[in-house]
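Welcome to a short set of exercises with worked solutions. Please keep the viewer open and try each task before you read on.

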Amino acid sequence: MKEVVVEKSMSKILFLACGSLLLGFFWLSRLLQGNIVEKGFDVFFIFFCAMFLFVLLRALFKHEGAMVINEEGFADNISLPGIGIGFISWEQVEEVRLSTFLWMRFISVKIKDARNFEARIPGYAKIWIKLNKIIGYSSVNISLGAAKKTYRYKDVVGIMQGFLDASREQHGHVGPSAQ
C-alpha cells in the first residue's frame with residue numbers, strides 16, 4: 001500500500017488560534033473584575049487558552065502532515081493537542097476504531113503495551129493519556145479537527161485498519177481485527 005498523508009489545514013489552525021486568543025482576552029478581562037473564587041477559574045482558563053494558542057502556533061510552523069500513515073506505522077503530528085505523539089509502529093497497535101466524545105469525533109488507538117508506550121513519551125503527553133483513561137478511552141486519541149477534509153474520519157480509520165491487517169499478516173500475528 002502507498003503512504004497516506006493527511007494534510008494540516010492552515011486556515012483551521014489560524015481560526016482556532018484566533019478563537020483561543022479572543023477567549024484568553026475574555027478571561028483576562030474577567031480576571032481583572034472578579035472575586036477571588038472567580039479569579040482562580042479565570043487564571044485556569046487563561047492558562048488553558050495560552051497553552052492552546054502556543055500549541056496551535058507551533059503546529060502552524062511544523063512542516064509535516066497532520067498524520068502520516070504507511071506500512072511501518074503512523075505518525076500523529078497534530079493531536080494531543082496540536083503537537084502529536086509522533087510515530088507509532090503497527091507492532092504496538094492492538095486496535096484502531098472511530099470514537100465519539102460528546103460532539104467530537106476522533107480516532108481511538110489501543111496500544112498493546114500501554115505502560116511501555118507511556119514510558120517513552122514526554123510528560124505533557126502522559127497527562128493527556130491519563131485524562132483519556134479517566135474518562136474511559138484509549139491511550140491514543142487522534143483528532144483531525146485541524147486537518148484538511150481530504151479524508152473523512154471513517155476513511156482514515158479504514159486506511160489505518162488496512163495497514164494494521166497487512167502488518168499482522170506479514171508478521172504472522174492474529175489480532176482482534178484479523179479474527
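Which residues does Asn70 touch, not counting residues up to four places away in sequence?

**Before you start.** The model is a predicted one, in which local features need pLDDT of at least 70 and side-chain atom pairs count only at pLDDT 80 or more, while totals for chains, interfaces and linings use all residues. Residues are numbered from 1 along each chain as its sequence is written, and side-chain values use heavy atoms, with hydrogens and water left out.

**Exercise 1. Place Asn70 and list its contacts.**

Step 1: Find Asn70 in the loop between β2 (67-69) and β3. Helices (H or I, at least four residues) and strands (E, at least two) are DSSP runs, numbered from the N terminus.

Step 2: Look for contacts, meaning heavy atoms within 4.5 Å. Beyond the residues up to four places away in sequence, Asn70 touches Glu3, Trp90 and Phe163.

Step 3: Check the burial class of Asn70. Buried means under 20% relative accessible area, exposed over 50%, and partly exposed in between (1.4 Å probe, protein chains only). Asn70 counts as buried because its relative accessibility is 17%.

**Exercise 2. Describe the aromatic pairs around Trp90.**

Step 1: Recall what to look up. A pair of aromatic rings is described by the distance of the centres and the angle of the planes. Rings of Phe, Tyr and Trp (its six-membered ring) pair if their centres lie within 6.5 Å; planes under 30 degrees apart count as stacked, over 60 as edge-to-face and the rest as tilted.

Step 2: Count the pairs: the structure has two. Phe74 and Trp90 make a tilted pair, with 5.4 Å from centre to centre and 45° between the planes. Phe74 belongs to strand β3 (residues 73-76) and Trp90 to the loop between β4 (86-89) and β5 (93-101), so this pair ties together parts that are 16 residues apart in sequence.

Step 3: Turn to Trp90 and Phe163, whose rings are stacked at 6.4 Å centre to centre and 10° between the planes. This pair links distant parts of the chain, as Phe163 sits in helix α6 (residues 153-171), 73 residues from Trp90.

Step 4: Put the pairs together. Ring pairs join Phe74, Trp90 and Phe163 into a cluster. Phe74 and Trp90 are both buried, and Phe163 is buried as well.

**Exercise 3. Trace the sheet that contains β3.**

Step 1: Write down the strand order. This open sheet of four strands runs β1-β2-β3-β4, with antiparallel pairing; two strands pair if DSSP finds at least two bridges between them.

Step 2: Identify the edges. β1 (4-6) and β4 each have a single partner strand, so one side of each is left without a neighbour in the sheet.

Step 3: Follow the pairings of β3. Three bridges pair β2 with β3 in the antiparallel sense, and a hairpin through three residues joins these strands. Opposite Ala75 of β3 you will find Val68, and opposite Asp76 is Met67. On to β4: four bridges join β3 to this antiparallel strand, and Phe74 has Ile88 as its bridge partner there.

Step 4: Sort the side chains. In a regular strand the side chains alternate between the two faces of the sheet. From β3, Gly73 and Ala75 point one way and Phe74 and Asp76 the other way, and all are buried.

**Exercise 4. Show how α6 meets the sheet, using Met160.**

Step 1: Start with the packing. Helix α6 packs on the sheet and touches β1, β2 and β3, and its direction makes about 35° with that of β2. Axes are lines fitted to C-alpha atoms, for helices over the stretch in contact, and angles run from 0 to 180 degrees between N-to-C directions.

Step 2: Zoom in on Met160, which is found in α6. Met160 is buried, with a relative accessible area of 0%.

Step 3: List its contacts. Leaving out residues up to four places away in sequence, Met160 touches Met67, Ile69, Phe74, Trp90, Val96, Ile107 and Val109. Met160 and Val109 are 51 residues apart in sequence, and 9.9 Å separates their C-alpha atoms.
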